[in-house]
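This report describes selected features of one protein model, arranged by topic. The sequence and structure are shown first.

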Amino acid sequence: GSARADSGPVPLRRIALGELGGWIELTATVGGHSGRWLLDTGASRNLVSPTLARQLGLEPAGAVRAETPLGAVQGGEVTLPSLAVGRYERRDQRALVIEPARLLGPAGEGVDGVLGVPWLAGQRAELDLRDWTGRFGADDAAACPAGLDAVPITRHLTLPVITLAQGGRYVLDSGNPAGLIRIEAEPPEPATPGLALAGEMRLTVLHDAALGPQQRSDVPVLRLTQPTLRRALGDAARGLAGTAFLDGARWALDLARDRLCVEGGRFATPGGFGLVPERAGAGLRVQQVLPGSPADRAGIRAGEPITQWAGLPASRPLAELWQA
């Protein structure tokens, strides 16, 4: 159920642990406890941390299995008390009791929970990832918000799937900070263009990707081999479209009508410079440069020293530099 129809404007915060994208964090109030939650369009269940579940006196009722784009997770299920974002309130939401850091690594530390597809079901989530604000709630309007055009989505394991004019279908996964992640059945050939990474992963650049009226340029594509996930996705999707793919533009995900409202125009991926820094004593240097990336085209080469980053001295902690 829903007590109020609209959240009003809600600040969104970026958790950045790399050069692009990031996790989308917002403040939610559950049972009177206000805390940090992540918005994850690639989660088929809501998640709540064991710490908050104990504070709220929630007792799990049996173990439940949930599918995520990166595999299945299992945890006890609880019914949350009223869950409010801004002035928008939903009741009777269920969640799995799982430590967010188990799934999200360092990004999940100190997070109370994850708002997944069940919380988004039947409502419209407007995301302005230029100004990083959001608006959530029920909406009876048949039209998209002004300035946005409707693009249909499909579903796979309840998750929203978008179709790109180049590159096929991808699960829309804001719980993933990357651009596009393409799941391959077999490891790429050594001669495949791009930057070789650990674990037989390869990073490439898609210079143009169109989603309805929107053109994205210099989209990073991480290609990795994961046969289990490839089988789980089947023909429904070739991979995941993460926050970096959405960044810098306005969107409205309408799961009441299975559509994505898209801002038209041409957008470069914020971040996505195509360089990997590494510590060099107290400073930084360029460890790797992605062929064909903006950094490569600008003439930056591996081994060069970095003296400043986003206006900060390179001696600052790397996480702080990425956030800047």
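## Terms and basis

A polar contact is a pair of N or O atoms within 3.5 Å; within protein, one must be able to donate a hydrogen and the other to accept it, and residues adjacent in sequence count only if both atoms are side-chain atoms. The model is predicted: local features need pLDDT of at least 70 and side-chain atom pairs count only at pLDDT 80 or more, while totals for chains, interfaces and linings use all residues. Residues are numbered from 1 along each chain as its sequence is written, and side-chain values use heavy atoms, with hydrogens and water left out.

## The environment of Arg-90

Arg-90 belongs to strand β9, residues 88-90 (strands are DSSP runs of E, at least two residues, numbered from the N terminus). Its side chain reaches the backbone oxygen of Trp-119 at 2.6 Å. A polar atom of the same side chain lies 2.8 Å from the backbone oxygen of Ala-121.

Arg-90 is buried (buried means under 20% relative accessible area, exposed over 50%, and partly exposed in between, with a 1.4 Å probe and protein chains only). Arg-90 nevertheless has no salt bridge (a side-chain nitrogen of Lys or Arg within 4 Å of a carboxyl oxygen of Asp or Glu). The nearest side chain of opposite charge is that of Asp-92, 9.3 Å away (Lys and Arg count as positive, Asp and Glu as negative; His and the chain ends are not counted).

## Salt bridges

The whole structure contains 20 salt bridges. One of them joins Arg-36 and Glu-25, with an N to O distance of 3.0 Å. Arg-36 lies in strand β4 (residues 33-39) and Glu-25 in strand β3 (residues 23-30), so this pair ties together parts 11 residues apart in sequence. Arg-36 is partly exposed because its relative accessibility is 30%, whereas Glu-25, at 6%, is buried.

A salt bridge also links Arg-155 with Asp-258 (2.9 Å, N to O). Arg-155 is in strand β15 and Asp-258 in the loop between β23 (250-254) and β24, so the pair ties together parts 103 residues apart in sequence. Arg-155 has 35% relative accessibility and counts as partly exposed; Asp-258, at 28%, is likewise partly exposed. Elsewhere, Arg-182, Glu-184, Arg-223 and Arg-238 are joined into one network by salt bridges that share partners.

## Sheets

An open sheet of six strands follows the order β1-β13-β12-β23-β24-β14, with antiparallel pairing (two strands pair if DSSP finds at least two bridges between them). Its edge strands, β1 (10-11) and β14 (148-152), each pair on one side only. Five bridges connect β14 with β24 (residues 259-263) in the antiparallel sense, and Asp-149 stands opposite Val-262 in β24.

Another open sheet has three strands in the order β26-β27-β28, also with antiparallel pairing. Six bridges join β26 to β27 (residues 283-289), with Glu-278 opposite Arg-285 and Leu-275 opposite Val-289. These two strands form a hairpin with two residues between them, and Gly-281 in the turn has a positive phi of about 65 degrees. Arg-285 also stands opposite Pro-305 in β28.

## Nonpolar cores

The largest nonpolar core holds 64 residues, of which Trp-37, Phe-136, Ile-162 and Phe-245 touch the most other members (a nonpolar core is a set of buried Ala, Val, Leu, Ile, Met, Phe, Trp, Tyr and Cys residues joined through side-chain atoms within 4.5 Å). Another core of 13 residues lies apart from it, including Ile-15, Ala-43, Val-64 and Ala-107.

Methods
Helix = DSSP H or I, 4+ residues; strand = E, 2+ residues; numbered from the N terminus.
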